[in-house]
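Please examine the sequence and the structure shown below. The explanation that follows proceeds from the interior to the place where the chains meet.

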There are 2 protein chains.
Amino acid sequence: MTEKGLLIVVSGPSGAGKGTICKQLLKDAKKINYSISATTRLPRKGEQDGKDYLFLTREKFLEMRDDSAYLEWAEVYGNFYGTPQKNVEEQLNKGTDVILEIDIQGALQIKKKFPEAIFIFIVPPSLEELATRINRRGTDSREVIRKRLHSASKELEYVSEYDYVVINDVLDMAVERVKAIITAEKCRPHRKQINFN
Amino acid sequence: MTEKGLLIVVSGPSGAGKGTICKQLLKDAKKINYSISATTRLPRKGEQDGKDYLFLTREKFLEMRDDSAYLEWAEVYGNFYGTPQKNVEEQLNKGTDVILEIDIQGALQIKKKFPEAIFIFIVPPSLEELATRINRRGTDSREVIRKRLHSASKELEYVSEYDYVVINDVLDMAVERVKAIITAEKCRPHRKQINFN
């Protein structure tokens, strides 16, 4: 019997570097897949439909939501985001690990439905650094940046809901820590079948 | 304030390869120390007093035990083994990680006194392989080997008391798994001081 894959939920305040960490992780790891989220927001420069996100119309998104097709969904700054459930479950059953990069609302929903998932909270080294990173991205208006920073400082309080917290000070080290967490979780007794007879 | 060190308890049936894994780990890791056990058994070929074990007389061992000087102690095959408590605590308070390589009885005692320690169960890939390893060591009589094998197969039932189980199939991979466990445990929210203000 194939050992079931791990569902790894990478979450944390916007601007903490979740996306960069996940991209690096997928480049390095072999048997790990990205769960692609569906969203109603417009693509940012360079983002591809079906690769970075499933870019859906509001109508299509809500139709799927009403069919319970999402593992979690949320409305953030007026846009909808969701994780199509079927695809994730198929991969886990095949023994593939799946990474979900989602905001905190989404992570908390998953925690209720999938308590066996691994919840990793990515934090910036400081709020000052977070502000710098959001500004550097240059895609958001001043008002959106202010909102993001305010909500980030509140969101940090959710850290205790998570299994692990990874401080994203140096990218390579943060990625190594996430890899170590995945390796360690595969050594949990309840995930192992040990038969000696 | 220095973050407190981790107490890492490496345990499992005799012959699973605990000692080899710990030696390799200490060679690779920087800020990690071995807790040296006290014992009343005679040194094996090449073992040094104060390095591999504190070799004590039965009288001295029991005197310290009665002074509550051990974090755990046990009588195994007629010999006493114990972990001097003071040394371990001093190192943890300095921020040094401490590895304890002990049998299952000892690990269960530590679990009661130090639930915040990390409990790792090392298992051989199979009972056949365990028998081969014990025979290869060539230091034990046939009767002792039989006893060890019998108790090993019973001891494997304790795996669920542990936080992690590491199958010692390929030494380097087993060591990497233990390192990953240590890295991951340092990312636990309750071990971290995160202040953003």
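In this predicted model, the largest nonpolar core has 92 residues, and the members that touch the most others are I8(A), V9(A), I120(A), I8(B), V9(B) and I120(B). A general tendency is relevant here: in soluble globular proteins, nonpolar side chains tend to be buried together. For V9(B), the contacts can be listed by name. Apart from its neighbours within four places in sequence, V9(B) is in contact with L100(B), I102(B), A107(B), I110(B), A117(B), I118(B), F119(B) and I120(B). One of these, I120(B), is itself among the core members that touch the most others.

Let us turn to chain A and to the strand β7(A), which comprises residues 97–101. Are the residues of this strand buried or exposed? The strand is mostly covered, since 5 of its 5 residues are buried. To read this result, one should recall that in a regular strand the side chains alternate between the two faces of the sheet. In β7(A), D97(A), I99(A) and E101(A) lie on one side, while V98(A) and L100(A) lie on the other, and all of them are buried. Both faces of the strand are therefore covered, where buried means that 20 or more other C-beta atoms lie within 10 Å of the residue's own.

Which strands pair with β7(A)? One is β1(A), residues 7–11, which pairs with β7(A) in the parallel sense over 4 bridges. Within this pairing, V9(A) has L100(A) as its bridge partner. V9(A) is also one of the core residues that touch the most other members. The strand β2(A), residues 32–34, is likewise joined to β7(A); the two run parallel and share 3 bridges. Here N33(A) stands opposite V98(A).

The final topic is the relation between the two chains. A turn of 180° with a shift of 0.0 Å along the axis lays chain B on chain A with an RMSD of 0.0 Å. That is the relation of a two-fold axis. In chain B, the C-alpha nearest this axis belongs to A180(B), at 2.2 Å from it.

The contact between the chains takes 22 residues from chain A and 22 residues from chain B. On the side of chain B that touches chain A, β9(B) (164–167) and α7(B) (171–185) each supply at least two residues. The largest share, 5 residues, comes from α7(B). By character, the residues of this side divide into 15 nonpolar, 4 polar and 3 charged. Because 100% of the interface residues of chain B are also interface residues in chain A, the copies meet through the same surface.

Note on methods: Residues numbered from 1 in each chain as written. Chains lettered and ligands numbered in written order. Predicted model: local features only at pLDDT ≥ 70, side-chain atom pairs only at ≥ 80, totals over all residues. Buried ≥ 20, exposed ≤ 12 C-beta atoms within 10 Å, placed from the backbone. Pairing = 2+ DSSP bridges. Core = buried A, V, L, I, M, F, W, Y, C linked by C-beta atoms within 7 Å. Contact = placed C-beta atoms within 7 Å. Least-squares fit on C-alpha atoms with pLDDT ≥ 70 in both. Nonpolar A, V, L, I, M, F, W, Y, C, P; charged D, E, K, R; others polar.
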